[in-house]
Amino acid sequence: MPRIEPLVPPYSPAVDQALRRWMPPGVPHEPLRLFRVLHRNPELASRMFALGAGLLGHGLLPAGDREFVIARVTARSGCAYEWGVHAATLAPAAGLGPELLRATADPDPAAAAAAAPLTGRQAALLAAVDELHDTARLSEPAWEALRAHYEDAQLLEFLVLAGWYRTIGYLANGLLLEEEPWAEPFPVAP
């Protein structure tokens with residue numbers, strides 16, 4: 001049971017309109033539990049929408065790289081909720097296959113890299129996400145590995161993206177959100 005219950009229909013007209021803005025057009029699912037909980041505080045939800053929607057819809061990173069980062073950050077944060085939502089929807093649309101998604105959930109970087117063939121960009125992203133997760137810093141080698149693939153504006157976006165989804169992980173985990181019924185189950189280590 002979540003610590004704060006998500007709103008349930010019928011929504012007020014303002015909340016209904018706001019929730020529809022948060023969901024992509026034509027999505028057959030109810031608004032996400034996370035969004036419905038956030039709308040218990042509409043001002044906070046409104047402020048979060050601007051950054052979240054901007055990262056997903058107007059970012060400079062290629063969609064596949066963005067989703068790879070989100071999958072690794074949420075996996076390292078132990079956030080099965082957000083990992084499963086992206087693994088079921090946005091990650092496949094961005095070209096990430098099941099093997100690569102499962103690899104993002106392996107806590108061992110060497111095993112993750114061995115589980116699925118990684119591009120040079122993906123290897124740099126994996127190492128950088130893991131360093132940020134473990135130390136809240138990036139070493140010079142990790143930074144230079146990213147710089148080989150990205151421009152300054154993309155590097156800034158990468159740092160914000162990784163931090164944003166760490167925040168989302170804190171939020172979903174702290175609320176004890178149940179996974180969406182249609183979400184991809186988080187891989188269980190053998």
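This passage walks through the core, the aromatic pairs, the largest pocket and a few backbone oddities of a predicted model.

The nonpolar core comes up first. The largest one takes in 53 residues, and the members that touch the most others are Val69, Tyr81, Leu146 and Phe158. Quite a list of helices feeds this core with at least two residues each: α1 (13–22), α2 (33–38), α3 (42–57), α4 (63–76), α5 (80–88), α7 (98–104), α9 (120–135) and α11 (152–175). Helix α11 gives the largest share, at nine residues. In soluble globular proteins, nonpolar side chains tend to be buried together. As for Leu146, setting aside residues up to four places away in sequence, the contacts are Ala124, Leu125, Ala128, Leu138, Leu155 and Phe158. Phe158 thus turns up both as a contact of Leu146 and among the core members that touch the most others.

On to the aromatics. Searching the whole structure turns up three aromatic pairs. In one of them, the ring centres of Trp83 and Phe186 sit 5.2 Å apart with the planes at 85°; an angle over 60 degrees counts as edge-to-face, so that is the label this pair gets. Because Trp83 belongs to helix α5 and Phe186 to the segment after α11, the pair ties together parts that are 103 residues apart in sequence. The two partners are not equally covered: Trp83 is buried, at 3% relative accessible area, while Phe186 is partly exposed, at 23%. Elsewhere, Trp22, Phe35 and Phe49 make up one aromatic cluster.

The segment after α11 also holds Pro181. With a relative accessibility of 71%, Pro181 is classed as exposed. Its C-alpha atom lies 9.7 Å from that of Gly84, although 97 residues separate the two along the chain.

Next, the open space. The largest pocket comes to about 570 Å³ in volume. Its lining runs to 25 residues, and those nearest the centre are Trp22, Pro24, Phe35, Leu56 and Leu90. Two of these, Trp22 and Phe35, are also members of the aromatic cluster. Helices α1, α2, α3, α5 and α11 each put two or more residues into the lining, with α3 supplying the largest share, six residues. By residue class, the lining splits into 18 nonpolar, five polar and two charged.

Ser77 is worth a look as well. This serine is placed in the loop between α4 and α5 and is buried, with a relative accessible area of 16%. Beyond neighbours within four places in sequence, Ser77 contacts His133, Arg166 and Asn173.

Last come the backbone oddities. Pro9 and Pro10 are joined by a cis peptide bond, with omega at about 0°, and Pro10 is found in the segment before α1. Positive phi values also appear in residues that are not glycine. Ala136 has phi at about 60°; it sits in the loop between α9 and α10 (140–147) and is exposed, at 63% relative accessible area. Leu176 likewise has a positive phi, near 60°. That leucine lies in the segment after α11 and, with a relative accessible area of 41%, is partly exposed.

Terms used: Residues are numbered from 1 along each chain as its sequence is written. This is a predicted model: local features need pLDDT of at least 70, side-chain atom pairs count only at pLDDT 80 or more; totals for chains, interfaces and linings use all residues. Side-chain values use heavy atoms; hydrogens and water are left out. A nonpolar core is a set of buried Ala, Val, Leu, Ile, Met, Phe, Trp, Tyr and Cys residues joined through side-chain atoms within 4.5 Å. Buried means under 20% relative accessible area, exposed over 50%, partly exposed in between (1.4 Å probe, protein chains only). Helices (H or I, at least four residues) and strands (E, at least two) are DSSP runs, numbered from the N terminus. Contact means heavy atoms within 4.5 Å. Rings of Phe, Tyr and Trp (its six-membered ring) pair if their centres lie within 6.5 Å; planes under 30 degrees apart count as stacked, over 60 as edge-to-face and the rest as tilted. On a 1 Å grid over the protein atoms alone, a cavity is a set of points where a 1.4 Å probe fits but cannot get out, and a pocket is an open set with protein on both sides within 12 Å along at least five of seven lines; lining residues have an atom within 4 Å of a point. Grid points are joined across faces, edges and corners, and a volume is the space filled by probe spheres set on the points. Ala, Val, Leu, Ile, Met, Phe, Trp, Tyr, Cys and Pro count as nonpolar, Asp, Glu, Lys and Arg as charged, and the others, Gly among them, as polar.
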